[in-house]
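I set out to record, entry by entry, what I looked up in this structure. The topics are the interface, the disulfide, the salt bridges and the backbone torsions.

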Amino acid sequence: MENIKRTAAAAVIFSAFAAPSVALAADAIKIGVVTPLSGTYAAVGQPVRWGLELAAREINVAGGVGGRQITLIFEDEEANPSVAVQKAERLFQVENVDFLTGMVNSGSTLAVGQLAERNNKLASTTVSFADSITAEKCSPNLFRFNARAEQQSYALTSWLGKERPKAKVFGIGPDYEMGRSSVAALKAGAAKNKVAIVGEVFAPLDSKDYSQYFGQIRSARPDTIYTSVAGNDTVRLLTQLDEFGILRNTSIVGSSGTITSQNLAAVGKASEGYITGTGYSPKLDTTENKKFVGAYRAMFKVDPDLFAADSYSLLYAYKAAVEKAGSTDTDKVRDALRGLSWQTPEGEKTIRAGDNQAMQPMYIVKISKGQFDVVGDVRAEDAIGPDQCTRF
Amino acid sequence: MEIVDYIQFVLAPQMINGLALGIAVILVALGLTIIFGLLDVINMSHGEFYAIGAFGALSLALVGVNFWILLAAVPLLMAPLGFLVERLLIRRVFDSKDRHVSTLLLTFGLSLILEDTLRALYGPNTHRVDAPVSGASDLFGIIVPNYRLLLIAIGVIVICVVAFVTYRTRLGAVVRAASYDRFMTSSLGVPVSWIYAGTFAVGVSLAGLAGVLLAPLYSVFPTMGRDFILLAFSVVIVGGMGSIWGAVIAGLLLTQVQALASLVISPVWTDPIVFGTMVVFLMFRPQGLFGRIGHA
């Protein structure tokens, strides 16, 4: 793996230098990527990195962005907001990057968004779910290119309401911005779709032993458990639920980032039957997706997941916006991004001008025999709620 | 019927789980309480010795060493480390005027160095150690993972062996005498300073053993020492500094309080209950439930 990554990175760098010098191509466009390369969310940062590297290579080989090559500069976010801010500050101030992305922890995304505003630069996330990022805590300098908690929960609960109308759902979220937001979104979606929520509990990020939370789950007697943990937390939570026999009479549903290609093998048999509302599955039957999956597999020897697809798509949106704006100037690129529609492996995405949130079709995905089968979909307009951003 | 069902489905699993956690905490607290009871040293680096035990298990398991051999090998390998720490570091400040403060600062500094050494050697990520047994047992309708049952069984044996050696053997009597009055004991021809170093080594080995046993449950990562040490200190304080049975009873009590409280409040909020109990004990019964080994 290390070799493949290195080769890929070398390919990106090499193609940056080897490009024919066009009159415009004075400098490369530098994009900062602050993403977790170690810790609980390393399994999330990895596909973010790979998705961006693949898109950068494709764009650079095809002549770059308006003739300028893309250079990616990576920093380890460690899924820790204070680390993310330090690294982002360095990228903005020292590396003078034009655009920043990669943050996974929703707290990091919010903090880096404020930092981008102070530096008059643009930042974005392709992973963070917390609704507040493009709602009450929105920033004119912060864009979200992935589906947020509300879109996922709406898709999931509308499916539950239809397929399992008598379900009794218990929510477990990681105890920070994202977990709280995703369980709140679940409750809102459940109310709309008449699904019963029988309890909720929050465990700190990176919890090693979830068994102390099982007492509350047992007392509530749910038949369905919703969770929005991700990365290695998923592996521990689901393995322990299985060990303690709770999965014998409950089924698991959850957020789109909970089980991905990255941790599927480690989760093992506890993943069977998992259902989520998500923006992506590697099995989506479209031309764009088949091309993307083929290229990704060829480069990294694994299937892409949601995070890889969203990060890959981001770079094409940025390319379109910069070419439309004719520069990387913050104000011009911001204007160009707002209202932008572009084709992605996930279907057509549009950045809503009012809150910088991507709208996209949502899918119901069920894991069976290690495959992410698409069992339903929801139109982009139905899944997204009203624009709640009042700052711009 | 509903009450029976509640006990079987909700209460009993929670209490058994609390028992497994209790045994885990007692295993960590055992070494701590022995070192305090005999040497009068508050060992702040105990959590890091626990972490070293877990990393030792991880490294040896990677080269194919069987789990059952690890249970003996890791504590044996860690004994010389404990011995050297006592001889080279603790001894230098042991006779200073304010022994408590100087040994506390020394071991705290050591804990920082050890934690960073682990981070430098193994990186910041969490590692998994596979449990030697998998699956779960069905005890009267209560499903308990087998490894937790094994942990409880081994834990009980270790606790009984340590208590037996301390209270019922000649060696234990010599050690207790050395801690009660070291001048009188040495005048009777007992090599007291070697007893001290040996006892410290045993305490460190026990921390290492706890590391091996808990690695499959709680994963292995450089800062793991911090997770248990606060709970272990509370257990030692509530049980009575230096008392083995005190630590056992306090460990079982506090973890049951934690397990049952987490049925009604968020488990995150059970820590304040545990530390609150510790503060109450420090205020009204600073000697804890029981005395200390040397004075018992």
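The entries below begin with conventions and then take each topic in turn.

**Entry 1. Conventions**

I worked with a predicted model, in which local features need pLDDT of at least 70 and side-chain atom pairs count only at pLDDT 80 or more, while totals for chains, interfaces and linings use all residues. Residues are numbered from 1 along each chain as its sequence is written, chains are lettered from A and ligands numbered from 1 in the order in which they are written, and side-chain values use heavy atoms, with hydrogens and water left out.

**Entry 2. The interface of chain B and chain A**

I first looked up the contacts, a contact being heavy atoms within 4.5 Å. I found 27 residues of chain B in contact with 26 residues of chain A. I then looked up the buried area, which is the accessible area (1.4 Å probe) that two parts lose on being put together, summed over both. For chain B and chain A I noted about 2200 Å², with 50% of it on carbon and sulfur atoms. On the side of chain B, I recorded Phe9(B), Ile143(B) and Pro267(B) as the residues that lose the most area to chain A, together 23% of what that side buries.

I next looked up charged pairs, taking a salt bridge as a side-chain nitrogen of Lys or Arg within 4 Å of a carboxyl oxygen of Asp or Glu. Between chain B and chain A the count is 2 salt bridges. One of these pairs Arg148(B) with Asp209(A), and their closest N and O atoms are 3.1 Å apart.

For polar contacts I used pairs of N or O atoms within 3.5 Å; within protein, one atom must be able to donate a hydrogen and the other to accept it, and residues adjacent in sequence count only if both atoms are side-chain atoms. This rule finds 11 residue pairs across the interface, both residues at pLDDT 80 or more.

I assigned elements as DSSP runs numbered from the N terminus, helices being H or I of at least four residues and strands E of at least two. Two or more residues of the side of chain B that touches chain A come from each of helix 1 (2–39), strand 1 (136–139), strand 2 (142–145), helix 8 (192–218) and helix 10 (244–264) of chain B. Helix 1 of chain B gives the largest share, 7 residues.

I also sorted this side by residue class: Ala, Val, Leu, Ile, Met, Phe, Trp, Tyr, Cys and Pro count as nonpolar, Asp, Glu, Lys and Arg as charged, and the others, Gly among them, as polar. I obtained 16 nonpolar, 7 polar and 4 charged residues.

**Entry 3. The disulfide**

How many disulfides does the structure hold over all chains? I found 1, using cysteine sulfur atoms within 2.5 Å as the criterion. The bond joins Cys138(A) to Cys389(A), with an S to S distance of 2.1 Å. I noted the disulfide as right-handed because the torsion about the S-S bond is about 75°. The pair links distant parts of the chain, 251 residues apart: Cys138(A) lies in the loop between strand 4 (122–125) and strand 5 (142–144) of chain A, and Cys389(A) in the segment after helix 13 (380–383) of chain A.

For accessibility I used a 1.4 Å probe on protein chains only, with buried under 20% relative accessible area, exposed over 50% and partly exposed in between. Both Cys138(A) and Cys389(A) are buried.

**Entry 4. Salt bridges over all chains**

I counted 35 salt bridges in the structure. Lys349(A) and Glu346(A) meet in one of them at 3.6 Å, N to O. Lys349(A) is buried at 0% relative accessibility, and Glu346(A) is likewise buried at 0%.

Glu381(A) and Arg379(A) form another, at 3.1 Å, N to O. Here Glu381(A) is partly exposed at 45%, whereas Arg379(A) is exposed at 52%.

In chain B, I looked up Arg128(B) and Asp130(B), whose closest N and O atoms are 3.4 Å apart in a salt bridge. Arg128(B) is exposed at 55%, and Asp130(B) is exposed at 55%. I also recorded one network, in which salt bridges that share partners join Asp131(A), Arg148(A), Glu150(A), Arg352(A) and Asp355(A).

**Entry 5. Positive phi values**

Is Asn356(A) buried or exposed? Asn356(A) is buried, with a relative accessible area of 0%. Its phi is near 60°, a positive value in a residue other than glycine, and Asn356(A) lies in the loop between strand 12 (347–352) and strand 13 (357–359) of chain A.

Lys369(A) has a positive phi near 50°. I placed Lys369(A) in the loop between strand 14 (362–368) and strand 15 (371–378) of chain A, and noted Lys369(A) as exposed at 75% relative accessibility.
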